[in-house]
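Work through these exercises with the structure open beside you. Try each task before reading its solution.

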Amino acid sequence: MDSERLREKKNVPANPFIYNAPVRGADFYNREAMINKLWKETVTGKTLGNVWITGERQVGKTSLLRYIQSTYEDNNEKVRLYGGRDDYFSVAFVYLNVQDNKSREDFFNNLQQSLKSFFDFKLESREKDAKKNFLNSLDYLHFKKKYYIVFLLDEFDAFIETLAAGDRESASSLLAELNTLTEGSASASKDGVKRFSCIFAANHTPHDLLKEDIIRRIGSGLITQSIKLDWFSHSQVEELAQNYLKDNPVQLTDEEIEFCFKMTQGYPYFVQVLFSIIYEHKAGGAVSKVHFKKIKKEYGEIFAETVKSWGGTYMPKPTLEKLKGLFGKIGKTLGDKALTLLFKGIEEYLKTQIKG
Ligand SMILES: Nc1ncnc2c1ncn2[C@@H]1O[C@H](COP(=O)(O)OP(=O)(O)OP(=O)(O)O)[C@@H](O)[C@H]1O
Ligand SMILES: [Mg+2]
């Protein structure tokens, strides 16, 4: 009997593991502590601050930001902002990806646009100046509608790099401008009232950007709380498998979970890749030693392909470092073919970096 038919007979559900898109809803796992922390930092904590989240490629930045937006979308709870401000506010987390923004103008237009589509309101963009329009919308939402806004700005470093590539000064001054705005002092110059915070998601820390000379040291002082988005721990990897395989006739053994942690060190994307491969094998029948060899081979191939494709397009240095570290730990277990491909990918990447 072929594996497809065997699968039907055993009534095995479709593979629940996901690694080609941000995870949503019930598939989203293990970031509660982070979400609580973000809420505190940006809304109820004394800083009402900005947060800069850094994480490697495919560690879960977009998943996290989108999840926050959708989780709080229907939340009607009104909160008192920190600092003794008397009124109660609703809080709105508004997601936008700024990767393709080319200019300051673009950026403010997009902030404005994201508010309009999130709240579905029709405030005329009366001014020529994108920033003024944005601030008008913000004032309307804050003072009339009693909203405190937290922008979730995905791929923020990519935008800063684009700005800096055109004109280095403009990247630094945008950060400074944003800082003034989030401090409240320049918001339509009313009263120094803070109307919004930002959660930035990026591959690079602000410190990386300074080191790589993308922003200048003095005067670009955007004040943010820095947070690193972690990989999953051993017990979290185990729990993820349990969650995803709840009520599923396919279950993983301790040995398989151990293997997954060893081979991924908890890197979320690779955890899902490897679980997914194991699942496919198990769904088609039992896993013997022979299967295990095949699983390793498939994982090695995907690992190498991934590094190659990230290296070919856009591999942030911090991600490269992490991948090299991971590869150092598991390289021996992966097959020869994968190994060669992988190094080729990294070398090609390094060459383009040196040229650039
Ligand atoms: N909270 C999570 N629960 C389960 N799996 C996750 C979670 N976060 C990330 N993953 C895994 O990592 C993958 C990548 O997630 P996501 O696209 O959110 O990462 P990213 O950091 O935004 O990536 P990129 O750097 O490419 O923008 C997902 O497809 C999934 O396999
Ligand atoms: Mg992303």
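The exercises below concern a predicted model.

**Exercise 1. Take stock of the chain.**
Task: State how many helices and strands the chain has, and what share of its residues is buried.

Solution.
- Step 1. Count the elements: there are 14 helices and six strands.
- Step 2. Turn to burial. Of the 356 residues in the chain, 49% are buried.
- Step 3. Look at the surface. The chain exposes about 17,800 Å², and 49% of this comes from carbon and sulfur atoms.
- Step 4. Check the contacts between residues at least 6 apart in sequence. Of these, 75% join residues at least 24 apart.

**Exercise 2. Lay out the sheet.**
Task: Give the order of the strands in the sheet, and find which strands stand at the edges.

Solution.
- Step 1. Write the order: 2-3-4-5-1-6. The sheet is open and its pairing is mixed.
- Step 2. Read off the ends. Strand 2 (78–80) and strand 6 (225–228) each have a single partner strand, so one side of each lacks a neighbour in the sheet.
- Step 3. Add the twist. Neighbouring strands are turned by 30 degrees against each other on average, direction ignored.
- Step 4. Recall the general rule: strands of a sheet pair through backbone hydrogen bonds, either parallel or antiparallel.
- Step 5. Apply it to one pair. Strand 1 (residues 51–54) and strand 6 run parallel, joined by four bridges. Within this pair, W52 stands opposite S226 of strand 6.

**Exercise 3. Place two helices on the sheet.**
Task: Find which strands helix 5 lies across, and which strands helix 6 touches.

Solution.
- Step 1. Start with helix 5 (residues 130–144). It lies across strand 3 (88–97), strand 4 (147–154) and strand 5 (196–202).
- Step 2. Take its angle: helix 5 runs at about 135 degrees to strand 4.
- Step 3. Move to helix 6 (residues 156–166). This helix packs on the sheet and touches strand 1, strand 4 and strand 5. Its direction makes about 85 degrees with that of strand 5.

**Exercise 4. Judge two threonines.**
Task: Decide whether T42 and T264 are buried or exposed, and list what each touches.

Solution.
- Step 1. Locate T42 in helix 2 (residues 32–44).
- Step 2. Apply the cut-off: buried means under 20% relative accessible area. T42 has 0%, so T42 is buried.
- Step 3. Leave out residues up to four places away in sequence. T42 then touches L48, G49, V51, F93, Y148, V150, S197 and I199.
- Step 4. Locate T264 in helix 10 (residues 254–264). Its relative accessible area is 0%, so T264 is buried.
- Step 5. Use the same exclusion. T264 touches W231, F270, V271, L274, Y299 and L326.
- Step 6. Scan helix 10 for other buried residues. Among them are E256, I257, F259, C260, F261 and M263.
- Step 7. Step past the helix end. Q265 follows helix 10, with a positive phi near 55 degrees.

**Exercise 5. Map the ligand site.**
Task: Find how many residues surround ligand 1, and which are the closest.

Solution.
- Step 1. Count 23 surrounding residues; the closest are I18, A21, K61, S63 and Q272.
- Step 2. Check the backbone. A backbone N or O atom of A21 lies 2.6 Å from an oxygen atom of the ligand. A polar backbone atom of Y29 is 2.8 Å from a ligand nitrogen atom.
- Step 3. Check a side chain. A polar side-chain atom of E155 lies 3.5 Å from an oxygen atom of ligand 1.
- Step 4. Finish with area. Ligand 1 taken alone exposes 650 Å², and the protein buries 96% of that.

Definitions and conventions: Residues numbered from 1 in each chain as written. Chains lettered and ligands numbered in written order. Predicted model: local features only at pLDDT ≥ 70, side-chain atom pairs only at ≥ 80, totals over all residues. Heavy atoms only, no water. Pairing = 2+ DSSP bridges. Axes fitted to C-alpha atoms, helices over the stretch in contact; angles between N-to-C directions. Contact = heavy atoms within 4.5 Å. Near = heavy atom within 4 Å. Polar contact = N/O pair within 3.5 Å; in protein donor to acceptor, adjacent residues only side chain to side chain. Areas by Shrake-Rupley, 256 points an atom, 1.4 Å probe, with all protein chains shown as cover. Buried < 20%, exposed > 50% of the residue type's maximum accessible area, 1.4 Å probe, protein only.
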